[in-house]
Amino acid sequence: LGAVRAAVGEAQMLCEHAYDLPDPPPVEVVVEGAGPGAAGAGPVAACAPMHATYALVELLKNALVATVERHRYEHGDDALEDGVDDLAPVVVRLAETDAGVRVAIVDEGGGIDAPTLAACLGLRPSLSQRYDRLDEPGGSYNSGSQKPISGVGIGLPMSRLFAAHLGGTLTLASNHGPPFGEGVGPRFSTTATFELPAPTALSTC
């Protein structure tokens, strides 16, 4: 739970800075199976904290960027100048499983079409040309951002490799458009699910 909260704070800071937002974009963290007054550290997984945090920040950052971009597309570039209250929150669901810990990150950023979704977790050399313009305003894949934040195609593949190295998995599901599916989040949403094994002799986070 501590690693998740740290990753949330870092991803919010990156997104707030990249889009010059007046406040951090909203994120809700839900510990499944815990009451509203539950105390403690929350679910614990076996992991290398640095690698797990990297993956969580990447997943959260992508979710926040998608949410901001969709809002700007639907309501205009100036829609967030007065605050982020109208942004749909990114929801992080943390749960213990029989195998370890599951972190599901759900955003309502419009969803991802099936061909793009299938390619997201693999390295795409065609995106390397974006490195040449990352230092320009709006030069990243997300044209609305004033500073580089994402879009060169490295974050998700690296996160997937880290998950596998730690004995876990990273999967993506999206409810992009009609016919809307069941069990993959709200309409026009994307869910990134990061799973790690239960603690062993490794570090925990």
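Which residue in β5 is the bridge partner of Ile105? In this predicted model, Ala192 takes that place. The pairing is a handy way into the fold, since β3 and β5 run antiparallel and are joined by eight bridges.

First, the overall picture. The protein chain carries four helices and five strands, and read from the N terminus its elements go α-β-α-β-β-α-α-β-β. Of its 205 residues, 42% are buried. Take the contacts between residues at least 6 apart in sequence, and 72% of them turn out to join residues at least 24 apart. As for confidence, pLDDT averages 81 over the protein chain, with 74% of the residues scoring at least 70. One stretch to treat with care is residues 35-39, where pLDDT stays under 50 and the model shows zero contacts beyond four places in sequence. Where pLDDT is low, predicted coordinates should not be read in detail.

Back to the strands. β3 is largely enclosed by the rest of the structure, because seven of its eight residues are buried. Besides its pairing with β5, β3 runs antiparallel to β2, and six bridges join these two. Along that pairing, Val91 sits opposite Val106 in β3, while Glu96 faces Val101 of β3. The connection from β2 to β3 is a hairpin of three residues. β2 is mostly covered too, with five of its seven residues buried. β2 also pairs with β1 (residues 27-31), this time in the parallel sense and over five bridges; here Val30 stands opposite Arg93 of β2.

The loop between β2 and β3 holds Ala99, which counts as exposed because its relative accessibility is 57%, over the 50% cut-off. Exposed or not, Ala99 has partners from far along the chain. Leaving aside neighbours within four places in sequence, Ala99 is in contact with Leu196, Pro197 and Ala198. The C-alpha atoms of Ala99 and Ala198 are 6.0 Å apart, although 99 residues separate the two along the chain.

Next, the interior. The largest nonpolar core takes in 43 residues, and Leu60, Val103, Ile105 and Phe194 have the most contacts inside it. Two or more residues come from each of α1 (2-18), α2 (49-75), β2 (90-96), β3 (100-107), α3 (114-120), α4 (155-165), β4 (169-175) and β5 (189-197). α2 is the top contributor to this core, giving 10 residues. In soluble globular proteins, nonpolar side chains tend to be buried together. Leu60 gives a feel for the packing: beyond its neighbours within four places in sequence, Leu60 is in contact with Ala7, Val8, Ala11, Val90, Val92 and Ile105. Ile105, then, turns up as a contact of Leu60 and as the bridge partner of Ala192.

α2 deserves a look of its own. This helix has 27 residues and reaches 38 Å from its first C-alpha to its last, close to the 39 Å expected at 1.5 Å a residue. Just after α2 comes Gly76, with a positive phi of about 105 degrees. Asp20 also has a positive phi, near 50 degrees, and is a residue other than glycine. Most residues other than glycine have a negative phi. Asp20 is found in the loop between α1 and β1.

Finally, the aromatic side chains. How many aromatic pairs does the structure hold? There is one. The ring centres of Tyr54 and Phe162 are 5.4 Å apart and the ring planes meet at 85 degrees, so the pair counts as edge-to-face. The pair links distant parts of the chain, with Tyr54 in helix α2 and Phe162 in helix α4, 108 residues apart. The two partners do not share a burial class: Phe162 is buried because its relative accessible area is 16%, under the 20% cut-off, whereas Tyr54, at 29% relative accessibility, counts as partly exposed.

How values were computed
Residues are numbered from 1 along each chain as its sequence is written. This is a predicted model: local features need pLDDT of at least 70, side-chain atom pairs count only at pLDDT 80 or more; totals for chains, interfaces and linings use all residues. Side-chain values use heavy atoms; hydrogens and water are left out. A nonpolar core is a set of buried Ala, Val, Leu, Ile, Met, Phe, Trp, Tyr and Cys residues joined through side-chain atoms within 4.5 Å. Buried means under 20% relative accessible area, exposed over 50%, partly exposed in between (1.4 Å probe, protein chains only). Contact means heavy atoms within 4.5 Å. pLDDT is the predictor's confidence in each residue, from 0 to 100. Two strands pair if DSSP finds at least two bridges between them. Rings of Phe, Tyr and Trp (its six-membered ring) pair if their centres lie within 6.5 Å; planes under 30 degrees apart count as stacked, over 60 as edge-to-face and the rest as tilted. The expected span of a helix is 1.5 Å times one less than its number of residues.
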